[in-house]
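Hi,

Here's the structure I said I'd pass along. Have a look at it first, and my notes follow below.

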Amino acid sequence: MCGVFVVLAAACGLVAAQHMPSVLIKQAADSLLHAPFMQHLQQYQVNQGLGRLEIPSPEDLVIRRLQGELALRVDDNWQSLNDPQRWAIMQTKDPAKQILKSFEKIKLKAAQLEKEIDVEAMETVLNNLSLPSEDMVDWVRFWDKLRKKVGQIAQLYNYFRGYIEKPEAVNKNTLQEFATSATQSSVKDRSLQNMLDLFHSTVVPTQETSTKSLFPYLHSLTSKAGQHLCSMNQSPHQLVYNLYNIIALTEIKGYAMLQFSYMMLRIYEKGNFSVESTAAKEKFEQQATEKMNSIKLVLPNMSREFMKCDPPQHKQGETYLEITKLLQGYIENEVDMNDRMTCKSSCSAYTFAESKSCYKDLFCA
């Protein structure tokens, strides 16, 4: 009778299954160190009309390109309103609808940037920063104030975006009412320019106020070691960089709506509004440059380390997987473990257990 041998012993093990998402750490481009506006950039040929933008270089910031394209669009639209020949051509069709449609590309690129940033995910992260108790109260108050300012402009932009998407469904009264409410609100803080001013002072306060400046403040919070770094799902550098893009994008939306409103009031003969448009342009350039200078001071020093921490308590199936039957054993006949197909030895004769054949195609077949 042949002997039988246990070839392998059974065992099991635990394997932690934390999800480690690959984090795309965007480097702050050299372009971040320069003002994003037309008069500072030779590659934007403002006085030669639209369509002369160079192909962006790898160092170009998307938000900077969008600021530049918006400036070109606004400049070209005002040229159409001020130049008698171009104005005569515009009057052959509905001028207001033509102006409205001209913002289509700006809308599309703004939506694309929002998708790349994942604005909702960013808001969730900033809503749920696990800060030490002494910092938490101040941060919640500060973030709530900033979020409300962003929300006010976003609410107006939802109307504006709807007009762009369905220009044929919008009538004169709707556009005129939108332009009037955006520029001439009876409530001071509800006019679009005042919204932008208050938004800017929240991000970059003046020296006369004791309010914290957003980017240095966030830098100070994320520079402290602690559990709050685990809840960000990105590096502090990436967090601040993405937040800057959201801030700049909000500013772009507000400025686009403000200039559009002045254009509508001009078309509907409610005034000239060239002076107001120029003042809005100068303020936009100044405020956007100040925001860029603010982040320029902190971004190079931000940590690029991404922390993924263990949860306070592991839960099977959620934070880890238990793998069983990883190693299994089976019984083999000695006759199948040697080339001679014999059954004469003991276990000590086999230093390496390996199946060689299947004797008469019986039990192993």
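A cut-off before anything else: a residue counts as buried when its relative accessible area is under 20%. Keep in mind too that this is a predicted model.

With that cut-off, Phe215 is easy to place: its relative accessibility is 0%, so it counts as buried. Phe215 sits in helix α9, which covers residues 214-222. What does Phe215 touch, once its neighbours within four places in sequence are left aside? The contacts are Val203, Val240, Tyr244, Ile247, Lys291, Ser294, Ile295 and Val298. Take Tyr244 from that list: Phe215 and Tyr244 are 29 residues apart in sequence, and their C-alpha atoms are 8.3 Å apart in space.

Now the pocket, which may be more your thing. The largest one has a volume of about 430 Å³. Its lining is made up of 22 residues, and those nearest the centre are Glu114, Val119, Val150, Ala154 and Ile246. Sorted by class, the lining comes out as 13 nonpolar, 6 charged and 3 polar residues. Helices α5 (119-127), α6 (133-165) and α10 (236-267) each put at least two residues into that lining, with α6 giving the most, at 10 residues.

One last item, helix α1. This helix runs over residues 62-82, 21 residues in total, and spans 30 Å from first C-alpha to last, close to the 30 Å expected at 1.5 Å a residue. Of those 21 residues, 17 are buried, so α1 is largely enclosed by the rest of the structure.

Cheers

Notes
Residues are numbered from 1 along each chain as its sequence is written. This is a predicted model: local features need pLDDT of at least 70, side-chain atom pairs count only at pLDDT 80 or more; totals for chains, interfaces and linings use all residues. Side-chain values use heavy atoms; hydrogens and water are left out. On a 1 Å grid over the protein atoms alone, a cavity is a set of points where a 1.4 Å probe fits but cannot get out, and a pocket is an open set with protein on both sides within 12 Å along at least five of seven lines; lining residues have an atom within 4 Å of a point. Grid points are joined across faces, edges and corners, and a volume is the space filled by probe spheres set on the points. Helices (H or I, at least four residues) and strands (E, at least two) are DSSP runs, numbered from the N terminus. Ala, Val, Leu, Ile, Met, Phe, Trp, Tyr, Cys and Pro count as nonpolar, Asp, Glu, Lys and Arg as charged, and the others, Gly among them, as polar. Buried means under 20% relative accessible area, exposed over 50%, partly exposed in between (1.4 Å probe, protein chains only). Contact means heavy atoms within 4.5 Å. The expected span of a helix is 1.5 Å times one less than its number of residues.
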